[in-house]
Structures are given as C-alpha cells and as structure tokens.
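Here is a short briefing on a ligand site and one residue. Keep the sequence and the structure open while reading.

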Amino acid sequence: MTALASAESALLRLFGIRHPVVQAPMAGGWTTPELVAAVSNAGALGALAAARLTTPQLEDALERVRALTTRPFAVNFLLAAPAPPPRDTQAMDAVLDRLRAAHGLPPSVARPAAPPAALVDEQLGLVLAAGVPIVSFAMGDPGDRIARVQAAGAVAVAAATTVAEAELLAARGADAVVAQGAEAGGHRGTFEVGADGEVPLVGTMALVPAIVDAVRVPVLASGGIMDARGLVAALALGAGGVQMGTRFLLAHESGAYPAYRRALIAARETDTAVTRAISGRPARALRNALVDAIAAAGDAGVSPLPYPHQALASGDLYAAARTRDDAALAAMLAGQGLRLARAEQPARAIVEELVAERTRIVQALAR
Ligand SMILES: Cc1cc2nc3c(=O)[nH]c(=O)nc-3n(C[C@H](O)[C@H](O)[C@H](O)COP(=O)(O)O)c2cc1C
C-alpha cells in the first residue's frame, strides 16, 4: 500500500498538482485553452496538443492558457515523421471522391503539404522559452529532446505502448511515462508501425503493472479510463495517476463540435476500431461512413495513404463534417470506454466527480 501511495505522491510532486488526473492532449482543436486552463484550475493537469497547430496558433494558445490559469499545464508533441508525399494516390482519390459524391461534396485533389519535420523542434523551442512547466511526447522516441526539456527546467513525459518502449524512455531520462493501453482513443503511440500498419495492442490492465515493474519513474495509466472506478483501478495497478482523453472530449470547454459529441454519447463500446483510415497511422476512432468506406477499399486492395497524407487528402471531408455538423465524414477519435460517459459537463465538474467518487470507492473497498 505504501508503494502505491508513494507513486501517486511522486506524480503530484513532479507536476505540482493536487489530483492525479491528466486531461490528455488531443490534437484536432479539441484541447482548447479554455479546457486546459479549467482542468488545471480544478487541481488536475490540463494539456494542450501542439500537433497540427501552426506556430502563430501555438503562440496564441499559450497566451490564452496563461491568461486563464497560473497553475501548471503541459504541452504535447507528436513525433511520428511525415512520410514523403506518395506518388500514386489515384485509387485513394477515387475512394474519397465516391464518398464526396455520396455526401454532396465536389471532387477534390487539392491537398496541403505535410508540415516539415523540423517544426516540432522549432515549436519545442518556443514552448520551452515560454516557460511551460511540463512537456510531453507521443508517437516516437523523443531521444535527446528529453534532456533538452530538462535543461530548460521543465518536466519531460513520454508515452509508451509496450514495456520495451517504456524502458527506452526511462533510459532517455524521462521524468514520467504514459502507459497507453489498447483501449485508448486516438493514435497509437507506438514508436515504429509495421509495414501494413501492425501495432501491438496491449490492454491497459496488462500494460500498466508491467510498465510499473519495469521503470522507476511515475507511470500514468491511459486508455479506457472514464471514471473513478478506472482511476482507483489504475492506482491499484501501481500507476501514479491517469491520463484521460475521451471523457474530456465531452467537457463543455472542449473543442468537439455537436455531431462529434452526439456520436460519443450514442456510441457503444463495440463502435470503435483501430484504423489507418483517419491519417494513415493506426488510431482508435468511432466507425462511420468514412472509416467503413476506407476499410472496404482496403479489403479491395486500396491501402490508406502513408501518414499524414491520408489525413491531408481527407481534409475537406473533415472540414465539411464540422461545418455541416454531420458525423458521417468526420474523424472521430475515441476510446473504448465511451459508454461510461453519457453527459456533457464543465471540466471542473469532471475532476471534482473523479475526486469525490474515488474517496467513496476507496472507503467502500476498505469496509
Ligand atoms: C481525440 C483524441 C486526440 C488525441 N490526440 C493526442 C495527441 O495529440 N497527443 C497525445 O499524446 N495523445 C493523443 N491522444 C491519446 C491520449 O493521449 C490518450 O492516450 C487517450 O485519450 C486515452 O484513452 P481514452 O480516450 O480512452 O481516455 C488523443 C486521444 C483522442 C481521443
């Protein structure tokens, strides 16, 4: 029991927070400055996703978080390198055009270029210069970026999906490790994806204690944790805290648009799939017309474009989903726990409910 309590207090001390809960960074415009600040103001840790933000957008977001909270918060970077632009996109263009036609959208092959790989390091410099206290990484080996973060006086966190990845992060000197189980919504954090998109899918229940046993730094359990039952379970597995994404998508302050929220609330635990349909890299998402059409194309021998080109090719579909508020063509990353969150709430209420329910559960277990 003391080892469990000390894992949690080590995490709270490391981050300078009161509750062992991290709101997952979620690229796509969902982790608004308002969400990040509300979570941090409630005594947990808000995290801003830097991926897919331009540098001026990131600067603006940092300024807005700073205006809304004086508490610690984190900024997160995704490290998967963009593949070179694919030469042959005709077959996938035809698949996407059929989807466009079926949904009353014009054909399109217009495609923004992938952001340069150097952008992460440029934006990391900006974040460190701005004095952000905690920086986290996922979808790759951060290498000497861990030391760079620490040299600037910040805390470095990184995500692993296997014990081997966690051991590498520990060897790099990471201050904390996120153990991302297979239930998790969003991209798999796996460092190296197999040629046909294979990734290990180790569940949170099996992965967390194995990583806790393998590293000496605090571990954040992530994937399928939706309420205080998951929080207590994660602490019992030896985690110092949890990183929760899907639940916070339904916070009032998140950037999720109404159709996305409605789909999350209506979905069952069987409605997600790990798919390359969204971006070209495996990610857990809600199935819809877009995911199903690209899966069917895969069965007919048409593979998704390599990351991030599939997302760039579908950019107009994702934008239309948002402006029309129609989930059929949306990119809706979500975890398997979605049946456990059915209400939209202020972020502060989510944190307060987790804390209060946790106490109740622990007392019930002690009886
Ligand atoms: C919509 C969405 C976007 C995500 N984007 C990121 C991201 O930008 N960076 C990151 O480290 N993790 C990202 N994740 C994964 C989360 O960090 C976390 O592992 C996951 O949300 C945990 O599973 P849960 O959704 O079941 O709570 C994302 C997850 C979701 C649902």
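The points below cover the ligand, its surroundings and then His187. The model is predicted. The ligand has 23 residues around it. It lies between two domains, because both give residues to its shell.

**Ligand shell**
- Pro25, Asn76, Gly224, Gly245 and Thr246 are the closest of the 23 surrounding residues.
- The shell holds 12 nonpolar and 11 polar residues, and no charged ones.
- Strand 3 (73-78) supplies at least two shell residues, and so does strand 9 (241-244).
- Domain 1 (1-82 + 117-253) gives residues to the shell, as does domain 2 (86-113 + 257-345).

**Polar contacts and burial of the ligand**
- Ala27 places a backbone N or O atom 3.1 Å from a ligand oxygen atom.
- Gln243 uses its side chain: an N or O atom there is 3.0 Å from an oxygen atom of the ligand.
- Gly245 has a backbone N or O atom 2.9 Å from a ligand oxygen atom.
- The ligand exposes 610 Å² when taken alone, and the protein buries 96% of that.

**His187**
- His187 belongs to strand 7 (residues 186-187).
- Is His187 buried or exposed? The relative accessible area of His187 is 16%, under the 20% cut-off, so His187 counts as buried.
- Leaving out residues up to four places away in sequence, His187 touches Met139, Gln180, Ser279, Arg281, Pro282, Ala283, Tyr307 and Leu333.

How values were computed. Residues numbered from 1 in each chain as written. Predicted model: local features only at pLDDT ≥ 70, side-chain atom pairs only at ≥ 80, totals over all residues. Heavy atoms only, no water. Near = heavy atom within 4 Å. Polar contact = N/O pair within 3.5 Å; in protein donor to acceptor, adjacent residues only side chain to side chain. Areas by Shrake-Rupley, 256 points an atom, 1.4 Å probe, with all protein chains shown as cover. Helix = DSSP H or I, 4+ residues; strand = E, 2+ residues; numbered from the N terminus. Nonpolar A, V, L, I, M, F, W, Y, C, P; charged D, E, K, R; others polar. Domains from an automatic or database assignment. Buried < 20%, exposed > 50% of the residue type's maximum accessible area, 1.4 Å probe, protein only. Contact = heavy atoms within 4.5 Å.
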